[in-house]
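Me: Could you walk me through this protein model with some questions and answers? I am new to reading structures, so please explain the terms along the way.

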Amino acid sequence: MGNSCSGLPPDCEIIVKTGDVKGAGTDANVYCALYNEDKTRSRDLNLDCKWKNDFEKGSVDHFKVHCGLPPGPLHRIELWRDDSGIGDDWYVEWIKVKKLDPANTEAVMFPCNRWVKAVRKLNLTQYDCVLPQFDENAEQRKQELEDKRDLYRLSRKAPGIPKQIESCPRDESFSNDYKWNIQQSKYKLAVKCKLAKLTSDPWETLDDFSNLYKGSLNMPYGFYNWKEDSNFGRQRVQGCNPTLLRLCTEIPENFKVTAELVEPFLDGTTLEDAMKNKKIYIVNLQKLSDVMCRFNRVICKPMALFFANDKKELMPIAIQLFQKAADDNPVFVPSDPKYTWMMAKMYYNNADAAFHQSCTHLGFTHLVAETVCVGTHRQLSPSHPVFRLLAPHFLYLLAINSLALARLVAPNGWIDNTMTTGAGGLFELVSQSWQVWRMDVDGWLPADLAARGVDDVEAFPNYPYRDDALLIFEAIHTYVREVLEAFYDTPEKLTGDWEIQNWGHMLADPEDGLGIKGVFGDGKFTVLEDLIRAVTSIIFISSVGHSAANFAQYDEYAFPPNYPAFLRGKPPTSKDPLKEQDIISSLPVKDMTLDIIIVTKILSDRGTNALGDFEVQYMYDPRGTKPVEKLKKRLLEVSDIIAERNKSRPFPYPYLDPKEVPNAISI
């Protein structure tokens with residue numbers, strides 16, 4: 001406990017939290033001044049404890065000082081430092097000030113979440129959460145945004161994909177870079193699990209795989225029932241790619257399915273009646289048609305048809321592996337020879353995995369969130385309520401994208417070596433899909449479910465992704481509404497907020513902005529509901545959307561026959577019987593399998609706290625903190641609901657339990 005003044009008795013305690021980012025601590029001399037509501041200013045206060053090293057990264061320092069202010073509420077703090085010392089940079093998370101007055105002991109919080117620059121005074125008001133038109137520090141706010149735009153520059157790193165950060169600012173860096181030394185992680189885990197002697201040899205039997213899963217490598221869920229058709233259907237509704245399934249109202253002309261071919265699998269009903277009763281569903285991966293794979297590998301462009309039976313199972317009834325109907329492109333059905341049908345399912349899943357990693361996972365969570373994050377830093381002051389609302393959901397995002405994606409997608413990296421498309425094909429898929437992705441459809445869960453025709457719970461009762469995601473979506477939507485309605489309690493406050501209007505324009509602008517299609521209100525936030533929806537969409541994508549795409553990866557990919565990222569050989573071109581050895585020969589070789597296991601294990605780790613439990617608190621204004629408490633309470637209720645659902649489901653779905661959904665894309 002320090003005392004930074006002369007022999008006068010302390011009348012105030014100043015508590016400072018230095019942030020936990022790289023280079024946050026400082027050796028500079030630090031000063032502040034306090035202001036009452038009547039604008040009375042204290043003397044300059046030197047914050048220094050002579051017997052300790054103040055302002056180390058992540059530390060909380062206390063200073064009892066004599067400020068000499070008359071009684072009255074505190075309103076503002078002025079903070080600055082010099083440039084002395086070897087490490088003078090300083091990142092401050094917050095400052096808390098308590099007057100040592102028995103009649104008024106309530107602390108006043110001044111959130112900061114900024115670098116304090118040398119010889120530039122930083123002024124913060126209580127809660128530091130104010131719309132720009134009401135900010136008494138307008139010039140400071142303008143200068144901060146100009147500084148931010150120099151740091152957060154946009155760059156399109158591959159043709160047609162969302163814009164990204166040009167280079168990762170130090171504010172965004174975190175200390176567990178070691179986690180992404182994949183070769184080192186692979187070696188350590190291999191030694192730990194006694195797998196160090198894995199070679200590039202092929203597998204001899206399917207039973208050999210069971211020797212892989214030891215110690216910290218638990219048996220992936222897909223190992224247990226991967227041969228079953230019910231498992232193949234389960235992957236469409238609760239695997240790591242659960243957002244492609246659509247109601248089938250008409251069989252595509254190039255999908256040579258006939259009633260005669262599939263009616264044996266429709267439990268006694270006709271194909272026409274099954275379609276009329278919303279029992280037939282389809283996934284069509286035609287977007288893979290123009291993708292060029294590394295080393296001319298072959299990726300299928302499949303279509304698959306499914307039947308929702310009375311047991312609430314989704315069962316595959318037909319698979320065509322390529323778009324063009326031909327004699328060497330038959331429609332495979334469950335009555336085909338056992339291993340031939342199994343091979344068709346594996347090649348379908350290989351294509352599904354390509355779309356999953358490129359679009360569902362990378363494109364529509366990591367890259368969408370990154371482009372919005374950079375745009376937010378460029379247009380919204382750290383003091384803006386919407387910035388403070390969104391900031392917990394961007395934590396570590398830019399660092400993980402810059403670090404991990406560079407290593408995974410680099411030439412000869414994990415994507416090149418373990419996925420059929422390679423990195424080039426992956427980015428082609430992202431580019432194609434980004435041209436049609438819309439925030440108001442693909443990024444808005446109720447609209448997405450309706451567009452795909454999977455929102456009818458009576459017709460399609462077993463869709464765990466839909467049912468669990470909707471519960472959290474509704475909680476987020478309510479939370480965002482309560483916060484924004486509190487700050488924008490009149491229409492004039494919204495239309496007069498030039499920062500939020502600039503932000504909306506940047507989201508939608510295809511030239512100088514982010515070029516996101518379907519931004520609510522076309523980015524012209526004159527109606528509060530449009531802003532509420534845009535913010536809800538961003539938080540949902542950054543939390544629930546990413547969790548659904550990411551955390552099932554080990555359970556799905558780590559046993560390659562279940563969901564193969566890579567297949568050797570060529571897809572079947574006839575219904576001729578195959579053997580188990582044909583299945584084994586198509587699987588990744590031993591060392592590639594280990595690469596897939598290791599990386600999907602790393603990717604399936606949780607990187608931040610559960611949704612609503614923020615690692616860094618940005619919002620202290622009661623207009624925001626009260627809705628957070630209500631959100632936490634609702635998410636606990638949702639967790640209990642999902643736990644009960646999982647007791648009666650044919651297959652449990654743990655990935656969207658709010659206790660398992662992180663705040664941000666940090667892995």
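Me: Leaving aside neighbours within four places in sequence, which residues is Q320 in contact with?
Reply: This is a predicted model, where local features need pLDDT of at least 70, side-chain atom pairs count only at pLDDT 80 or more, and totals for chains, interfaces and linings use all residues. Residues are numbered from 1 along each chain as its sequence is written, and side-chain values use heavy atoms, with hydrogens and water left out. Contact means heavy atoms within 4.5 Å. With that rule, and skipping neighbours within four places in sequence, the partners of Q320 are N254, F255, K256, P302, M303, A325, N329, P330 and V331.

Me: Is Q320 buried or exposed?
Reply: Buried means under 20% relative accessible area, exposed over 50%, and partly exposed in between (1.4 Å probe, protein chains only). Q320 has 0% relative accessibility, so the residue counts as buried.

Me: Where in the chain is the place of Q320?
Reply: Helices (H or I, at least four residues) and strands (E, at least two) are DSSP runs, numbered from the N terminus. Residues 314-320 form one such strand, and Q320 belongs to this run. Its place is therefore strand 15.

Me: What is the order of the strands in the open sheet of five?
Reply: Two strands pair if DSSP finds at least two bridges between them. In this sheet the pairing is antiparallel, and the order is 12-13-14-15-16.

Me: Which strands stand at the edges of that sheet?
Reply: An edge strand here has a single partner strand, so one side of it is left without a neighbour in the sheet. That describes strand 12 (246-247) and strand 16 (331-332).

Me: How many bridges join strand 13 to strand 14?
Reply: Strand 13 covers residues 280-284 and strand 14 covers residues 303-308, and they run antiparallel. As an example to find in the picture, V283 stands opposite A304 in strand 14. The number of bridges joining the two strands is five.

Me: How many bridges join strand 2 to strand 7?
Reply: Let's move to another part of the chain. Strand 7 (residues 91-99) is mostly covered, with seven of its nine residues buried. T18 has V92 as its bridge partner in strand 7. Strand 2 (residues 12-18) runs antiparallel to strand 7, and the number of bridges is seven.

Me: What is the bridge partner of Y91 in strand 8?
Reply: Strand 7 is also joined to strand 8 (residues 108-115), by six bridges, and the two run antiparallel. In strand 8, the residue paired with Y91 is W115.

Me: What is the phi of N113?
Reply: Most residues other than glycine have a negative phi, and most peptide bonds are trans. N113 lies in strand 8, and with 9% relative accessibility this residue counts as buried. Although N113 is not a glycine, its phi is positive, at about 50°.

Me: Is V119 buried or exposed?
Reply: V119 also has a positive phi, near 55°, in a residue other than glycine. Its place is the loop between strand 8 and strand 9 (122-125). The relative accessible area of V119 is 68%, so V119 is exposed.

Me: Which residues does V589 touch, not counting residues up to four places away in sequence?
Reply: V589 sits in the loop between helix 18 (580-586) and helix 19 (590-603). Its 14% relative accessibility means that V589 counts as buried. Beyond four places in sequence, V589 touches S200, D201, P202, W203 and R568.

Me: How many of the residues of helix 4 are buried?
Reply: Helix 4 runs over residues 229-238 and is mostly covered. Among its buried residues are F232 and V237, and also D229 and R234. The count of buried residues in this helix of ten is ten.

Me: What radius of gyration does the protein chain have?
Reply: The radius of gyration is taken over C-alpha atoms, and the globule rule is 2.2 Å times the number of residues to the power 0.38. For 667 residues, a compact globule would have a value near 26 Å, which agrees with that of the protein chain: 28 Å.

Me: How many helices and strands does the protein chain have?
Reply: Buried residues make up 60% of the 667 residues in the protein chain. Its C-alpha atoms fill a box of roughly 95 × 55 × 45 Å, taken along the principal axes. In the protein chain, the totals are 20 helices and 16 strands.
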